[in-house]
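Work through the exercises below with the structure open beside you. Try each task before you read its solution.

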Amino acid sequence: LSLSILLTLFASLNGEEATEAAAPQQQFQQFIHPLTNMPGSAEDVETSYFFPKYSDNKFPIGEVVTVLCHFSNDDQYPYNVTAIMGSLNSPYDFGFHVQNYSYKPLGLVVRPGDEFTFEYQFQLHPDLQPVEYALAHTVFYDDDESHTVPQVIVLASIWACFPSTSFVAPAKSGTSQSNGE
């Protein structure tokens, strides 16, 4: 009789733990990453970008890269540019994310007929391989009905490269170097 009580108690406790463990998993399954399944962007918004130090799209692995992002509002309504974020993807399967870049809040109102340029910095992970990648940065803005609208601002093929160094080996201790004179 006591064994059946223990088994019943164990089964009920185990069921509660399973229910408690399932709650965070259900919350995670409901999370939708902002860079997936994005709706269309506004027709009267134009965006462009420029990499001031890397116009050849060759980025140094492990170093910070700055991109200048331009947002132009040709609509009749103001837009609240709320944030930017990005990702580094496989050039063969864009759905394969290699690295995600931070969500940077902006909070800039761009009135009709105005334009604005802002910078976004990101860093290629130091352990990346020096190969080709697909880079995407997306700007988010609220339209006149307070709907958040995403718009890809950067979509480029880039090459990750080892940073160039000006390393000079130090002279060995106790030796002298001669220039032949």
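## Exercise 1: Val81

Val81 is buried, with a relative accessible area of 1%. The model is a predicted one.

**Task.** Find the element that holds Val81, and list the residues that Val81 contacts beyond its neighbours within four places in sequence.

**Solution.**
- Step 1. Locate the residue. Val81 belongs to strand E4, residues 79-89.
- Step 2. Check the burial. Buried means under 20% relative accessible area. Val81 has 1%, so the residue counts as buried.
- Step 3. List the contacts. With neighbours within four places set aside, Val81 is in contact with Phe71, Leu106, Gly107, Leu108, Val110, Val139, Phe140 and Tyr141.
- Step 4. Add a distance. Val109 is 28 residues from Val81 along the chain, and their C-alpha atoms are separated by 6.0 Å.

## Exercise 2: The whole chain

**Task.** Describe the chain by its helix and strands, its buried share and its exposed area.

**Solution.**
- Step 1. Count the elements. There are one helix and eight strands.
- Step 2. Put them in sequence order. The pattern reads α-β-β-β-β-β-β-β-β.
- Step 3. Take the buried share. The chain has 181 residues, and 30% of them count as buried.
- Step 4. Turn to the surface. About 12,200 Å² is exposed by the chain, with 54% supplied by carbon and sulfur atoms.
- Step 5. Look at contacts between residues at least 6 apart in sequence. Of these, 69% join residues at least 24 apart.

## Exercise 3: The sheet with E1, E3 and E6

**Task.** Work out the strand order of the sheet that contains E1, E3 and E6, and say which strands stand at its edges.

**Solution.**
- Step 1. Start with E1, residues 45-50, and E3, residues 64-73. Six bridges join them, and they run antiparallel.
- Step 2. Pick out residue pairs. Glu46 stands opposite Ser72 in E3. Thr47 has Phe71 in E3 as its bridge partner.
- Step 3. Go on from E3 to E6, residues 115-123. Nine bridges link these two strands, again antiparallel.
- Step 4. Pick out a pair here too. Ser72 stands opposite Glu115 in E6. Ser72 thus links back to Step 2, where Glu46 stood opposite it.
- Step 5. Assemble the sheet. The three strands form an open sheet in the order E1-E3-E6, with antiparallel pairing.
- Step 6. Name the edges. E1 and E6 each have a single partner strand, so one side of each lacks a neighbour in the sheet.
- Step 7. Add the twist. On average, neighbouring strands of this sheet are turned by 25° against each other, direction ignored.

## Exercise 4: The sheet of five strands

**Task.** Give the strand order of the five-stranded sheet, and explain why one side of each edge strand has no neighbour in the sheet.

**Solution.**
- Step 1. Read off the order. The open sheet runs E2-E8-E7-E4-E5, and its pairing is mixed.
- Step 2. Find the edges. E2 and E5 (97-110) stand there, each with a single partner strand, so one side of each is left without a neighbour in the sheet.
- Step 3. Add the twist. From one strand to the next, the average is 35°.
- Step 4. Look at one pairing. E4 and E7 are joined over nine bridges in the antiparallel sense. Leu88 stands opposite Leu135 in E7.

## Exercise 5: Two loop residues

**Task.** Is Asn57 buried or exposed? Is Pro126 buried or exposed?

**Solution.**
- Step 1. Place Asn57. This residue is in the loop between E1 and strand E2 (58-60).
- Step 2. Apply the cut-off. Asn57 has 17% relative accessibility and therefore counts as buried.
- Step 3. Check the backbone. Phi of Asn57 is near 60°, a positive value in a residue other than glycine.
- Step 4. Place Pro126. The loop between E6 and strand E7 (132-142) holds this residue.
- Step 5. Apply the cut-off for exposed, which is over 50%. Pro126 counts as exposed because its relative accessibility is 52%.
- Step 6. Find what Pro126 touches. Residues up to four places away aside, it touches Ile61 and Gly62. Pro126 and Ile61 lie 65 residues apart in sequence, yet their C-alpha atoms are 5.5 Å apart.

## Exercise 6: A surface patch

**Task.** Which residues make the nonpolar surface patch of about 280 Å²?

**Solution.**
- Step 1. Name the members. Phe94, Val152 and Leu155 make the patch.
- Step 2. Place one of them. Val152 is in strand E8, residues 148-161.
- Step 3. Class its exposure. Val152 counts as partly exposed, at 37% relative accessibility.

Conventions: Residues numbered from 1 in each chain as written. Predicted model: local features only at pLDDT ≥ 70, side-chain atom pairs only at ≥ 80, totals over all residues. Heavy atoms only, no water. Patch = residues over 30% accessible without salt bridge, like charges linked within 9 Å, V, L, I, M, F, W, Y side chains within 5 Å. Areas by Shrake-Rupley, 256 points an atom, 1.4 Å probe, with all protein chains shown as cover. Salt bridge = Lys/Arg side-chain N within 4 Å of Asp/Glu carboxyl O. Helix = DSSP H or I, 4+ residues; strand = E, 2+ residues; numbered from the N terminus. Buried < 20%, exposed > 50% of the residue type's maximum accessible area, 1.4 Å probe, protein only. Contact = heavy atoms within 4.5 Å. Pairing = 2+ DSSP bridges. Axes fitted to C-alpha atoms, helices over the stretch in contact; angles between N-to-C directions.
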